[in-house]
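Dear colleague,

I am passing on the structure below, together with my notes on it. Could you read the notes against the coordinates when you have a moment?

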Amino acid sequence: MDDDTKLLNLALDAGEIMLMSGAETQRVQDTMLRILSVSGRKKIEALALSTMLIVSLPREEKGPLSMARGVQDRSVNFEKICAVNAMSRSFVAGQITLEEATQKLLEIHYAPSFTPLQRILGYGLTSGGFTLVYNGSFADGIAAFVIGMILGLMVYWNGKWKAPYFFSSFMGGVLTGIFACLFHMLIPSTQIDMIIVGSIMPLLPGITLTKGIRDLLEGNFISGNSKLMEALLVACAIAGGVAIMLSIFPN
């Protein structure tokens, strides 16, 4: 593998980690362009879409070299985004070699994240906390905390078994509706609306919506519109799951 191919792979690896970790497309494109600029050539190209990365490096002797990579996994990990940014700055400044930069990206990619238990507990604390913030009672908060833990477990298993992307959102709405009604039947003093509003907060596509608007404002219309559509479909899937369960169970 020649140096040009290694450089393109480095740019794609960096862009993939950032896109998977929740970075906006403009930031991903800028990082890949900075990495490719080390070649010293003009008319380098880097394009980041919601699920696709494309980079191109002109070569007079053999013609332009282009590579593309699909990105399907989505998560939120700002620590990895910052780590990739730091690596790219060091590489562009000449402080590390191409091989060292590649090794650093491998370390960032395989760096340990939150454990499944921490993620599940985070879902519960988020759900219960938002319910209390929205003036729900203590019993509502406890119910939302339990439902949030169940949702966290569901998201973990769906991710492990590669379930369809929107399936988790729909099932999250279904489980929220079921358990909110069950808690209300067991403890009539609880408020179904407060439990549901707090429980679904970890599932809502707030970051996706924000990134979509930002991409539109920066002129990235393809990525912006796709993110807005993704946020709309996720919200509809959650609402549909909750609505189905509320129509089945008596309030």
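The notes that follow take up the sheet, the salt bridges, one helix residue and a surface patch.

Please keep in mind that this is a predicted model, in which local features need pLDDT of at least 70 and side-chain atom pairs count only at pLDDT 80 or more, while totals for chains, interfaces and linings use all residues. Residues are numbered from 1 along each chain as its sequence is written, and side-chain values use heavy atoms, with hydrogens and water left out.

I begin with the sheet. Three strands make up an open sheet in the order β1-β2-β3, with antiparallel pairing; strands here are DSSP runs of E with at least two residues, helices are runs of H or I with at least four residues, and both are numbered from the N terminus. Two strands are taken to pair if DSSP finds at least two bridges between them. The edge strands are β1 and β3, each of which pairs on one side only, and the twist averages 5 degrees from one strand to the next. For this and the other angle below, axes are lines fitted to C-alpha atoms, for helices over the stretch in contact, and angles run from 0 to 180 degrees between N-to-C directions.

Strand β1 (residues 45-48) is joined to strand β2 (residues 52-57) by four bridges, the two running antiparallel, and these strands form a hairpin with three residues between them. Following the register along β1, E45 has S56 of β2 as its bridge partner, L47 has I54, and A48 has L53. On its other side, β2 pairs in the antiparallel sense with strand β3 (residues 65-70) over six bridges, and there the bridge partner of L57 is L65. The two faces of β1 are unlike in their cover, since A46 and A48 lie on the covered face, whereas E45 and L47 lie on the uncovered one.

Helix α1 (residues 3-20) packs on the sheet, where it touches β2 and β3, and its direction makes about 25 degrees with that of β3; contact means heavy atoms within 4.5 Å.

Next come the salt bridges. The structure holds 10 of them, a salt bridge being a side-chain nitrogen of Lys or Arg within 4 Å of a carboxyl oxygen of Asp or Glu. One of these is formed by the side chains of R41 and D4, at 3.2 Å from N to O. This pair links distant parts of the chain, with R41 in the loop between α2 and β1 and D4 in helix α1, 37 residues apart. As to cover, R41 is partly exposed at a relative accessible area of 29%, while D4 is buried at 14%; buried means under 20% relative accessible area, exposed over 50%, and partly exposed in between (1.4 Å probe, protein chains only).

E24, R27, R214 and E218 are linked in a network of salt bridges. Within this network, the closest N and O atoms of R27 and E24 are 3.2 Å apart, and the closest N and O atoms of R214 and E218 are likewise 3.2 Å apart. E24 is buried, with a relative accessible area of 9%, whereas R27 counts as partly exposed at 34%. R214, at 40%, is partly exposed, and E218 is partly exposed at 34%.

In helix α2 (residues 25-36) I would point to T31, which is buried with a relative accessible area of 3%. Leaving aside its neighbours within four places in sequence, T31 is in contact with M18, V84, N85 and S88.

Finally, there is a nonpolar patch on the surface, formed by Y165, F166, M229, L232 and L233, with about 450 Å² of accessible area together. Patches are made of residues with over 30% relative accessible area and no salt bridge, like charges being joined within 9 Å and nonpolar side chains (Val, Leu, Ile, Met, Phe, Trp, Tyr) within 5 Å; accessible areas come from the Shrake-Rupley method with a 1.4 Å probe, and for residues only the protein chains shown count as cover. Helices α7 (165-186) and α10 (221-248) each supply at least two residues of the patch, and α10 gives the most, with three. F166, which lies in helix α7, is partly exposed, with a relative accessible area of 33%.

With best regards
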